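Here's a quick briefing to read with the model open beside you. Have a look at the fold before you dig into the notes.

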Amino acid sequence: MDESDTGEQPGAVESPLPVILKDRSTIRMEALVSGRITRAGSCLYLEHSPGHLALILWADEDVQVARLEESDWLVNNYTSGLRIREGEMVRGGGGFYPRNADLEVLTGKEVSADCTGPAVQLYEVTKYDPEKPGGIPDPPPPPPPGPSTDDMLLSQAFDEHWDGQRLPKRMIRGIVDPREAMFAYVLQNYKGREGDMHAHFCLRGADENLLASLSRKFGRLFPGDACSWNGPGVVVTATGEKAMFIDARIDCSGDRGFCAGSGGATYGNLGAEHGSYRLRRKGDGWQIEKLGLSVVS
């Protein structure tokens with residue numbers, strides 16, 4: 001990724017954050033690639049067989065590195081919500097480049113001398129368990145993008161000089177993952193509405209584990225791709241029942257002491273409510289503060 005994605009210059013081997021290299025080629029290879037995420041020097045590699053590494057060139061746009069703790073980091077896909085730690089097995093689309101492929105041509109930037117080929121293109125990854133029968137299903141297509149206001153809301157939440165209205169803080173307990181906590185916060189706002197406001201919830205970008213965890217607290221939930229637009233509103237595709245898309249985005253990068261969040265619901269062409277939030281780890285959960293900034297249509 002671009003240097004601005006990590007705040008570190010390529011080649012800063014001592015940096016706690018590795019560099020993400022983006023594949024700028026116009027062709028997506030269609031092989032199925034799997035291996036273990038590992039770091040060597042400044043960059044990330046895929047150990048596709050014991051002792052054999054390939055430099056990862058990510059073909060997804062929304063992949064970044066975020067700090068997890070003082071001495072830990074992970075790879076975030078901010079579109080799908082997938083988080084990958086070093087050492088985890090992944091599988092995704094892509095393919096291997098020839099050993100003599102020009103890395104600077106493929107990435108469109110100067111590559112640190114300690115990041116060497118051969119290279120592998122990788123995109124739409126999912127975690128992979130080789131011990132599980134049949135592994136895991138092929139990765140699904142990326143979920144529909146959230147509202148175009150999300151980046152603006154996240155940016156506002158990161159604004160350390162924000163002096164606008166702040167709403168009362170709310171604790172979301174018993175949840176470790178900040179994105180799950182953001183989803184729970186939004187679901188609390190809409191759960192229990194009756195009559196014309198009752199609807200099923202379709203969580204965009206939520207994987208099976210996240211859906212299962214939240215369903216234990218909020219009842220049956222649907223993945224985003226189980227719902228669709230029907231005329232002016234959102235419905236469960238299989239039944240035609242009224243629904244709404246629920247979005248939650250999180251960015252915990254930097255050392256600000258909080259995560260920036262944006263989240264809300266979309267239920268019609270003229271029906272959407274999204275807000276800007278700050279999340280702070282407290283005890284067994286997250287304290288969420290809504291800023292006085294929201295987008296309503």
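The notes below cover one helix, its partner helix, the nonpolar cores and a few backbone oddities.

This is a predicted model, where local features need pLDDT of at least 70, side-chain atom pairs count only at pLDDT 80 or more, and totals for chains, interfaces and linings use all residues. Residues are numbered from 1 along each chain as its sequence is written, and side-chain values use heavy atoms, with hydrogens and water left out. Helices (H or I, at least four residues) and strands (E, at least two) are DSSP runs, numbered from the N terminus.

**Helix 4**

- In helix 4 (residues 208-218), the buried residues (under 20% relative accessible area, 1.4 Å probe, protein chains only) are L210, L211, S213, L214 and F218.
- They sit on the same side of helix 4 because they cover an arc of only 165° around the axis, taken from the directions from the helix axis to the C-beta atoms.
- Over on the other side of helix 4, E208, N209 and R216 are exposed, meaning over 50% on that scale.
- The buried residues of helix 4 pack against helix 3 (178-190), strand 10 (200-203) and strand 11 (222-223).
- D207 caps the N-terminal end, with a side-chain oxygen 3.3 Å from the backbone nitrogen of N209.
- Right after helix 4 comes G219, with a positive phi near 85°.

**Helix 3 against helix 4**

- Helix 3 and helix 4 pack at an angle of about 35°, and their axes are 11 Å apart; axes are lines fitted to C-alpha atoms over the stretch in contact, and angles run from 0 to 180 degrees between N-to-C directions.
- On the helix 3 side, R179, E180, F183, A184, L187 and Q188 meet L210, S213, L214, K217 and F218 of helix 4, where contact means heavy atoms within 4.5 Å.

**Nonpolar cores**

- A nonpolar core is a set of buried Ala, Val, Leu, Ile, Met, Phe, Trp, Tyr and Cys residues joined through side-chain atoms within 4.5 Å.
- The largest one has 30 residues, and M182, L203, L214, I246, L279 and I288 have the most contacts inside it.
- Helix 3 gives the most to this core, with eight residues.
- Apart from it lies another core of 19 residues, among them I20, W58, V65 and V125.

**Backbone oddities**

- G117 and P118 are joined by a cis peptide bond, with omega about 5°.
- P118 falls in the loop between helix 1 (103-107) and strand 8 (119-127).
- E124, found in strand 8, has a positive phi of about 50° although it is not a glycine.

Note on methods:
Polar contact = N/O pair within 3.5 Å; in protein donor to acceptor, adjacent residues only side chain to side chain.
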